[in-house]
Structures are given as structure tokens and as C-alpha cells.
Amino acid sequence: MLVTFSSRSSADIIMFGDIAVHLIKLMGHRGTIPSALTAEDVPAALAVLEAAMEEAKQVTEPELPADDNEEVTPVSLHHRALPLIKMLQTAVQDKSYVMWADNS
């Protein structure tokens with residue numbers, strides 16, 4: 001499943017479903033898809049997500065086993081969340097909603 005995050009003040013963001021649901025839950029939402037945050041709810045969701053990402057940076061991510069022929073560099077949850085954080089920040093500035101839906 002792919003999830004698309006949308007806001008009238010930002011370009012769409014597409015994420016894999018498992019990561020998207022995890023980030024949605026970290027924002028304090030139930031994780032249902034489709035759903036949305038009203039403009040009034042976006043600042044609180046942003047604050048909760050940013051706090052969760054600060055905690056996530058403190059935890060070291062486990063190393064993935066690498067194939068002998070290729071180098072694997074895992075992408076941290078914090079880096080995966082950056083586009084969504086930027087979208088939420090822009091939505092706060094523009095007093096806009098953020099919504100998400102299944103894009104499969």
C-alpha cells in the first residue's frame with residue numbers, strides 16, 4: 001500500500017503504508033486511512049511528531065545484514081519523517097489542513 005499526504009499549501013508526499021501509518025500514529029492519530037487533520041489540529045500533531053522524532057534520534061537503529069556485493073545504508077525514521085514534518089510546518093503557517101489516503 002502507498003499513502004499520499006496532501007495539503008493545499010504543499011506538494012503531495014507518497015510513502016509506503018507501514019511507514020505512513022507509523023508516522024500518523026506518532027502524530028497522535030489513530031492511524032486510519034483515509035483521514036485528515038483540520039487546520040486547528042495540525043500544530044498539536046506537528047509538536048507531537050517532532051517530539052517523537054527527537055526521541056527516535058536518541059535510539060540507535062539496528063544494523064541490517066549487508067550482502068557482500070552491495071552496501072546497505074538504512075534510512076532512519078527521522079529522515080523518512082522530514083517531508084511530512086515540512087508539510088505540517090507549512091500547513092501551520094498557512095492555517096491549512098493535512099489529509100492522507102490510500103494511493104494503491
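Helix α3 tucks these residues away as buried: Leu 77, His 78, Ala 81, Leu 84, Ile 85, Met 87, Leu 88 and Ala 91. Keep in mind that this is a predicted model. From α3, the story leads on to the largest nonpolar core, which has 25 residues, and to the one aromatic pair in the structure.

**Helix α3**

- The buried residues of α3 have plenty of partners: they pack against β1 (2-7), β2 (10-16), α1 (17-26), β3 (35-37), α2 (42-58) and β4 (98-102).
- An α-helix has 3.6 residues a turn, so residues three or four places apart point the same way.
- Helix α3 covers residues 77-94, which makes 18 residues, and at 1.5 Å a residue it should span 26 Å. Its end C-alpha atoms are 26 Å apart, so the model agrees with that figure.
- There's a kink in α3 too, of about 35 degrees and centred on Pro 83.
- Right after α3 comes Lys 95, which has a positive phi, near 50 degrees.

**The nonpolar core**

- Which residues have the most contacts inside the largest nonpolar core? They are Phe 5, Leu 23, Met 27, Leu 84 and Leu 88.
- At least two residues of this core come from each of β1, β2, α1, α2, α3 and β4.
- Helix α3 is the top contributor to this core, giving seven residues.
- Two of those well-connected residues, Leu 84 and Leu 88, are also on the list of buried residues of α3.
- Met 27, setting aside its neighbours within four places in sequence, touches Leu 37, Ala 45, Val 48, Leu 49, Leu 84, Leu 88 and Trp 100.

**The aromatic pair**

- The structure has one aromatic pair, and its rings belong to Phe 5 and Trp 100.
- How far apart are the ring centres of Phe 5 and Trp 100? The distance is 5.9 Å, and with the planes at 50 degrees the pair counts as tilted.
- This pair ties together distant parts of the chain, as Phe 5 sits in strand β1 and Trp 100 in strand β4, 95 residues apart.
- Phe 5 has 0% relative accessibility, so it counts as buried.
- Trp 100 is buried as well, with a relative accessible area of 2%.

**Out at Glu 40**

- Glu 40 is found in the loop between β3 and α2.
- Is Glu 40 buried or exposed? Glu 40 counts as exposed because its relative accessibility is 65%, and the cut-off for exposed is over 50%.
- Glu 40 and Tyr 97 are 57 residues apart in sequence, yet their C-alpha atoms are 8.0 Å apart in space.

Conventions. Residues are numbered from 1 along each chain as its sequence is written. This is a predicted model: local features need pLDDT of at least 70, side-chain atom pairs count only at pLDDT 80 or more; totals for chains, interfaces and linings use all residues. Side-chain values use heavy atoms; hydrogens and water are left out. Helices (H or I, at least four residues) and strands (E, at least two) are DSSP runs, numbered from the N terminus. The expected span of a helix is 1.5 Å times one less than its number of residues. The bend at a residue is the angle between axes fitted to the seven residues ending there and the seven starting there. Buried means under 20% relative accessible area, exposed over 50%, partly exposed in between (1.4 Å probe, protein chains only). Contact means heavy atoms within 4.5 Å. A nonpolar core is a set of buried Ala, Val, Leu, Ile, Met, Phe, Trp, Tyr and Cys residues joined through side-chain atoms within 4.5 Å. Rings of Phe, Tyr and Trp (its six-membered ring) pair if their centres lie within 6.5 Å; planes under 30 degrees apart count as stacked, over 60 as edge-to-face and the rest as tilted.
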